[in-house]
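Biologist: I would like to go through some labels one by one and hear the reasoning behind each. Could you show me the model before we start?

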Amino acid sequence: MRRSKSAYNECGITAAIIVLAFAISSVPARAALHPVPLDPKTDSAMCVQCHEEKTKGKAVHSAIAMGCMSCHEIRVNKDATRVKLLTTTTQALCITCHADKNAATIKGKVHPPAVRDCVKCHDPHSSPNENQLLLPIDGATKDNNLCLTCHTTGLDTPKGGSRHAALDMGCGTCHVTHKTGERGKVEFDDHLTKAPPALCLDCHDAKDASLIKAHGSQPFGTASCIQCHDPHQSAKPKLMQAFLHFPFENHMCDSCHQPAKDSKVVLTNADTRALCLTCHDDKGKQIDAAKVQHPGALGDCTACHNPHAGKTPGFLQPDPVSACLACHSDQSDEMKKAHLHQPAFAQGCATCHEPHGSDNEHLLRVATVNTLCLECHGPERDPQRLDDTHLITIFQGSVKLPDNYFRTTRPPVLPLRYGLGHPTDQHPVSGSIDPANPKSNPMTCLTCHQPHASAQSYLLAKDQAMNMNFCNSCHKGKLK
């Protein structure tokens with residue numbers, strides 16, 4: 001197969017970028033020029049004569065007792081003395097002792113600074129703060145709370161909004177920074193000391209008369225508090241979540257609830273699906289008329305939706321991803337792969353799939369795979385902003401996303417013209433895989449990419465590495 005000059009140029013540029021990235025990642029940590037000459041065999045006792053302050057403090061790193069050369073090395077070249085770390089990065093050095101903090105071997109969601117750079121939070125020598133933190137974590141301002149140097153939550157409550165008083169008790173009241181565990185469980189994903197409601201009930205008594213009154217005398221002691229309340233701050237009173245169900249927001253509780261009986265919720269209709277359809281009849285018609293029906297949508301609506309509130313439109317519980325993975329265990333296993341498709345595992349499955357039923361295979365929002373993918377990756381993508389909200393919509397308004405979605409995730413825009421141009425100039429993205437055999441399998445985005453996750457970057461199909469063997473799976477030695 002002959003390639004155009006521009007295709008060769010693109011390949012060359014790509015190769016150059018890869019080489020440069022590898023070279024940068026391989027550069028050793030910069031060695032500091034020492035102000036005075038040192039003997040290469042200088043010991044820790046000599047270091048401490050000038051750097052005694054590194055050995056004193058409320059919290060001193062245990063490595064100090066092992067000697068400076070347990071982490072540093074001295075290099076003498078002609079008249080220059082340099083001191084550097086034993087490893088190329090601080091992270092690599094730290095995990096030689098703290099192997100349990102190695103993000104590459106931890107299952108679950110790791111606090112981002114812990115993935116890249118331990119000294120972003122910890123002093124490697126000594127500190128006046130517990131665990132050698134650069135700042136304490138129990139203050140209420142950026143000047144006395146390390147967490148608030150990155151997380152600004154609670155520092156600027158909107159007018160008319162609310163702020164959780166627990167913030168003044170310190171982040172460590174509810175969070176354990178390095179706690180990880182099973183993905184999808186809020187206790188581990190948000191590094192909490194324990195899962196709600198148990199965490200909330202440490203401070204809030206479920207038998208408190210004022211709380212019972214605020215909840216309309218309905219049982220709430222076993223409910224997930226954070227489904228209705230934001231645990232930090234809110235633009236609404238009483239820490240209410242960003243999205244509220246209309247009858248809940250407008251105190252129309254008796255439209256769905258009868259007075260509680262024997263500490264149990266009693267609904268106006270024992271059939272919760274029938275109760276929901278009294279207002280959401282359009283969804284019932286969609287579910288019944290769909291050519292491809294979603295079994296989950298045929299059951300109890302509250303299996304997927306919280307009837308009161310949520311962090312996202314639709315009030316999916318406990319979140320838009322876990323709501324689906326509770327049944328789709330095969331996709332839950334995909335989540336364990338190294339590279340995840342952001343819309344699938346961060347925004348939610350309903351970004352691409354219609355959860356109430358569809359006329360398309362796999363409940364896709366549109367009939368063809370490429371049209372689906374190009375809604376975000378196409379050169380003509382056109383998200384629409386919703387007035388008076390912090391949301392944008394795609395798929396003709398049927399999917400709502402945060403207004404900063406495209407700015408923060410930066411999905412690559414493919415330079416396609418006439419169905420050509422990815423991954424190299426003039427490379428087709430549709431049609432027959434083998435032009436000489438029109439009856440061969442059709443080419444789509446899924447020919448080369450997986451839609452949910454992959455062990456390789458770029459979500460490459462069959463978890464293959466990005467090399468010539470991958471290309472040869474179609475071109476079969478034709479690339480010369």
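Modeller: Here it is, and please keep in mind that this is a predicted model.

Biologist: What makes Glu 73 partly exposed rather than buried or exposed?

Modeller: The relative accessible area of Glu 73 is 24%. Buried means under 20% and exposed means over 50%, so Glu 73 falls in between and is called partly exposed.

Biologist: And why is Lys 84 called buried?

Modeller: Its relative accessible area is 9%. The cut-off for buried is under 20%, so Lys 84 meets it.

Biologist: How do you know that Lys 84 and Glu 73 form a salt bridge?

Modeller: The N to O distance between their side chains is 3.3 Å. The rule asks for a Lys or Arg nitrogen within 4 Å of a carboxyl oxygen of Asp or Glu, so the pair qualifies. Glu 73 and Lys 84 also belong to a salt-bridge network that includes Arg 75.

Biologist: Which parts of the chain does that pair tie together?

Modeller: Lys 84 sits in strand S4 (residues 80-85) and Glu 73 in strand S3 (residues 72-77), so the bridge ties together parts that are eleven residues apart in sequence.

Biologist: What makes Lys 179 and Glu 187 a salt bridge?

Modeller: Their closest N and O atoms are 2.7 Å apart, and the limit is within 4 Å, so this pair counts. Lys 179 has a relative accessible area of 19%, which is under 20%, so it is buried. Glu 187, at 21%, is partly exposed because its value is not under 20%.

Biologist: Why is Asp 100 called exposed?

Modeller: Asp 100 has a relative accessible area of 54%, and exposed means over 50%, so the label fits. Its salt-bridge partner is Lys 101, with 2.8 Å between the closest N and O atoms. Lys 101 is partly exposed, at 31%.

Biologist: How many salt bridges are there in the structure?

Modeller: The count by this rule is 14.

Biologist: Let us turn to the cysteines. How do you know that Cys 228 is in no disulfide?

Modeller: The structure holds zero disulfides. For Cys 228, the nearest cysteine sulfur is that of Cys 225, 8.7 Å away. A disulfide needs two sulfur atoms within 2.5 Å, so Cys 228 does not qualify. The sulfur nearest to Cys 445 belongs to Cys 373 and is 3.8 Å away, so that pair misses the 2.5 Å limit as well.

Biologist: Is Cys 228 buried or exposed?

Modeller: Buried, because its relative accessibility is 13% and the cut-off is under 20%.

Biologist: What makes Tyr 405 and Phe 406 an edge-to-face pair?

Modeller: Their ring centres are 5.1 Å apart, within the 6.5 Å limit, so the rings pair. The planes stand at 80°, and over 60 counts as edge-to-face, so that is the name the pair gets. By this rule the structure has one aromatic pair. Tyr 405 is buried at 3%, and Phe 406 is buried at 12%.

Biologist: One last topic, the second largest pocket. Which residues lie nearest its centre?

Modeller: Glu 182, Arg 183, Ser 332, Met 335 and Lys 336, out of 17 lining residues. The lining divides into five nonpolar, six polar and six charged residues, and the second largest pocket holds about 480 Å³ of space.

Methods: Residues are numbered from 1 along each chain as its sequence is written. This is a predicted model: local features need pLDDT of at least 70, side-chain atom pairs count only at pLDDT 80 or more; totals for chains, interfaces and linings use all residues. Side-chain values use heavy atoms; hydrogens and water are left out. On a 1 Å grid over the protein atoms alone, a cavity is a set of points where a 1.4 Å probe fits but cannot get out, and a pocket is an open set with protein on both sides within 12 Å along at least five of seven lines; lining residues have an atom within 4 Å of a point. Grid points are joined across faces, edges and corners, and a volume is the space filled by probe spheres set on the points. Ala, Val, Leu, Ile, Met, Phe, Trp, Tyr, Cys and Pro count as nonpolar, Asp, Glu, Lys and Arg as charged, and the others, Gly among them, as polar. Buried means under 20% relative accessible area, exposed over 50%, partly exposed in between (1.4 Å probe, protein chains only). Helices (H or I, at least four residues) and strands (E, at least two) are DSSP runs, numbered from the N terminus. Rings of Phe, Tyr and Trp (its six-membered ring) pair if their centres lie within 6.5 Å; planes under 30 degrees apart count as stacked, over 60 as edge-to-face and the rest as tilted.
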